Amino acid sequence: MAKPAVVLLSGGLDSTTVLAIAKEQGFDPYALSFRYGQRHVVELEAARRVADALGVARHVVADIDLRVFGGSSLTADVDVPKHASVQDLDDDGIPSTYVPARNTIFLSFALAYAETVGAQDIFLGVNALDYSGYPDCRPEYIEAFRRMANLATRTGVEGAELKIHTPLIALTKAEIVRRGTELGVDYGLTSSCYDPSSNGQPCGGCDSCLLRLKGFEEAGVRDPLKYQAA
């Protein structure tokens with residue numbers, strides 16, 4: 001019988017690849033997405049498409065409103081920064097698209113979900129190479145959260161160690177695209193853009209679009225999405 005695992009699923013390239021990896025490894029995935037007040041809420045429709053296509057035991061969309069805090073161009077009335085090329089991202093520091101403590105909040109929900117479905121494994125698509133510099137995507141952060149999770153939950157205290165899987169953390173975007181392609185992922189189902197049009201078309205100029213385009217180009221794979229600026 002397949003072991004249950006919680007997979008954080010945004011509907012983007014990385015989380016979709018991670019869901020495919022979890023299935024390849026023999027887990028029965030329970031997908032978890034968030035409606036958190038993000039301007040790119042179209043990603044939730046992508047998450048639904050991905051969950052349906054790849055097959056999950058259950059897909060939960062949790063409602064939390066991070067707009068009450070603001071502090072990010074994804075959750076406040078602030079323009080999403082755009083760039084002409086991916087090279088322009090290097091000097092920006094932590095961009096305004098960083099949502100304060102987002103991965104900590106999401107992983108806390110994932111812990112609760114895992115305990116209710118009897119899962120000891122949580123998968124998420126953080127990456128520390130081709131990424132925007134978010135502090136909650138680094139290996140040391142993930143390790144610190146894993147230690148905390150095993151102190152703070154009944155599962156951990158009773159001796160069943162909780163594991164946090166980050167299979168993409170040391171991969172480039174090109175390597176992620178190649179891995180997903182090997183697993184038969186349909187990236188046409190996904191949505192990565194931080195500032196899509198009303199019909200979901202990606203802008204082609206935000207951090208996420210530029211990193212995605214870089215990955216497909218370097219992997220030698222055609223990105224199936226049509227971009228506004230491409």
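**Exercise 1. How many helices and how many strands are there in the chain?**

The structure is a predicted model, in which local features need pLDDT of at least 70 and side-chain atom pairs count only at pLDDT 80 or more, while totals for chains, interfaces and linings use all residues. Residues are numbered from 1 along each chain as its sequence is written, and side-chain values use heavy atoms, with hydrogens and water left out.

Step 1. Take helices (H or I, at least four residues) and strands (E, at least two) as DSSP runs, numbered from the N terminus. The chain then has 7 helices and 5 strands.

Step 2. Read from the N terminus, these elements follow the order β-α-β-α-β-α-β-α-α-β-α-α.

Step 3. With a radius of gyration (over C-alpha atoms) of 17 Å, close to the 17 Å given for 230 residues by the globule rule (2.2 Å times the number of residues to the power 0.38), the chain is as compact as a globular protein of that length.

**Exercise 2. Describe the largest cavity and its lining.**

Step 1. On a 1 Å grid over the protein atoms alone, a cavity is a set of points where a 1.4 Å probe fits but cannot get out, and lining residues have an atom within 4 Å of a point. Grid points are joined across faces, edges and corners, and the volume is the space filled by probe spheres set on the points.

Step 2. The count is 1 cavity of 30 Å³ or more, and the largest cavity has a volume of about 740 Å³. Its lining comprises 36 residues, of which Ser-10, Asp-14, Arg-102, Gly-125 and Tyr-194 are the closest to the centre.

Step 3. At least two lining residues come from each of helix 1 (13-24), strand 2 (27-35), helix 3 (102-117) and helix 7 (207-219).

Step 4. Sorted by class, the lining holds 17 nonpolar residues (Ala, Val, Leu, Ile, Met, Phe, Trp, Tyr, Cys and Pro), 7 charged ones (Asp, Glu, Lys and Arg) and 12 polar ones (the others, Gly among them).

**Exercise 3. Explain why Cys-137 is in no disulfide, and then examine Cys-206.**

Step 1. A disulfide is a pair of cysteine sulfur atoms within 2.5 Å, and the count is 0 disulfides.

Step 2. The closest cysteine sulfur to that of Cys-137 belongs to Cys-206 and lies 15 Å away, which is too far for a bond. Cys-206 is in no disulfide either, since the nearest cysteine sulfur, that of Cys-209, is 3.7 Å away.

Step 3. Buried means under 20% relative accessible area, exposed over 50%, and partly exposed in between (1.4 Å probe, protein chains only). Cys-137 counts as buried at 9%, and Cys-206 is buried at 0%.

Technical notes. 1 Å grid on protein atoms, 1.4 Å probe; cavity = no way out; pocket = protein on both sides within 12 Å on 5 of 7 lines; lining within 4 Å.
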